[in-house]
Amino acid sequence: MPSFGKSLIVIGLIIAAVGALFTLAGKIPWLGRLPGDIYVKKENFTFYFPLATSIIISLLLSFILWLFRK
């Protein structure tokens with residue numbers, strides 16, 4: 001049962017970190033406007049795909065999870 005308690009603590013910390021990220025995301029001006037992000041705007045059509053932002057977030061999360069595995 002102790003491993004279940006540790007798992008709940010880790011899940012709670014992850015949820016808190018995601019909540020903090022959503023709270024602070026609007027205050028980071030470059031997030032979502034990196035040079036590799038695809039943004040197409042025409043008269044009646046707008047397409048936005050945050051490719052570079054997604055890659056950077058993926059790398060950061062992979063590094064954080066790698067640190068937890070050690």
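This is a short tour of selections to make in the open structure, which is a predicted model.

**Stop 1: the loop before β1**

Select L34, in the loop that runs between α1 (2–24) and β1 (38–41). Is this residue buried or exposed? L34 has a relative accessible area of 17%, so it counts as buried, the cut-off being under 20%. To see what lies against L34, add A52, T53 and I56, its contacts once neighbours within four places in sequence are set aside. Then add L59, which is 25 residues from L34 along the chain. A distance label between the two C-alpha atoms should read 15 Å.

**Stop 2: T53, from the other side**

Keep T53 selected and move to helix α2, where T53 is found. T53 is buried because its relative accessibility is 7%. Which residues does T53 touch, not counting those up to four places away in sequence? They are L31, G32, R33, L34 and D37. The contact between L34 and T53 seen at the previous stop thus appears again here.

**Stop 3: the nonpolar surface patch**

Now show the surface and select I38, V40, F45, F47, F49, L51, I55 and L59. Together these residues form a nonpolar patch with about 700 Å² of accessible area. Two or more of the patch residues come from each of β1, β2 (46–49) and α2 (51–69). Which element gives the largest share? That is α2, with three residues.

Pick out I55 within the patch; its place is in helix α2. I55 counts as partly exposed because its relative accessibility is 47%, and the range for that class lies between 20% and 50%. T53, also in helix α2, is buried at 7%.

**Stop 4: the largest pocket**

Hide the surface and select A17, V18, L21, L61 and I64. Of the 17 residues that line the largest pocket, these five lie nearest its centre. The pocket has a volume of about 620 Å³. Where does its lining come from? Both α1 and α2 contribute, each with at least two residues.

**Stop 5: V10 on α1**

Finish in helix α1 with V10. At 41% relative accessibility, V10 is classed as partly exposed. For a last distance, add P50, which is 40 residues from V10 in sequence. Drawn from C-alpha to C-alpha, the separation of V10 and P50 is 28 Å.

How values were computed. Residues are numbered from 1 along each chain as its sequence is written. This is a predicted model: local features need pLDDT of at least 70, side-chain atom pairs count only at pLDDT 80 or more; totals for chains, interfaces and linings use all residues. Side-chain values use heavy atoms; hydrogens and water are left out. Helices (H or I, at least four residues) and strands (E, at least two) are DSSP runs, numbered from the N terminus. Buried means under 20% relative accessible area, exposed over 50%, partly exposed in between (1.4 Å probe, protein chains only). Contact means heavy atoms within 4.5 Å. Patches are made of residues with over 30% relative accessible area and no salt bridge: like charges are joined within 9 Å, nonpolar side chains (Val, Leu, Ile, Met, Phe, Trp, Tyr) within 5 Å. Accessible areas come from the Shrake-Rupley method with a 1.4 Å probe; for residues, only the protein chains shown count as cover. A salt bridge is a side-chain nitrogen of Lys or Arg within 4 Å of a carboxyl oxygen of Asp or Glu. On a 1 Å grid over the protein atoms alone, a cavity is a set of points where a 1.4 Å probe fits but cannot get out, and a pocket is an open set with protein on both sides within 12 Å along at least five of seven lines; lining residues have an atom within 4 Å of a point. Grid points are joined across faces, edges and corners, and a volume is the space filled by probe spheres set on the points.
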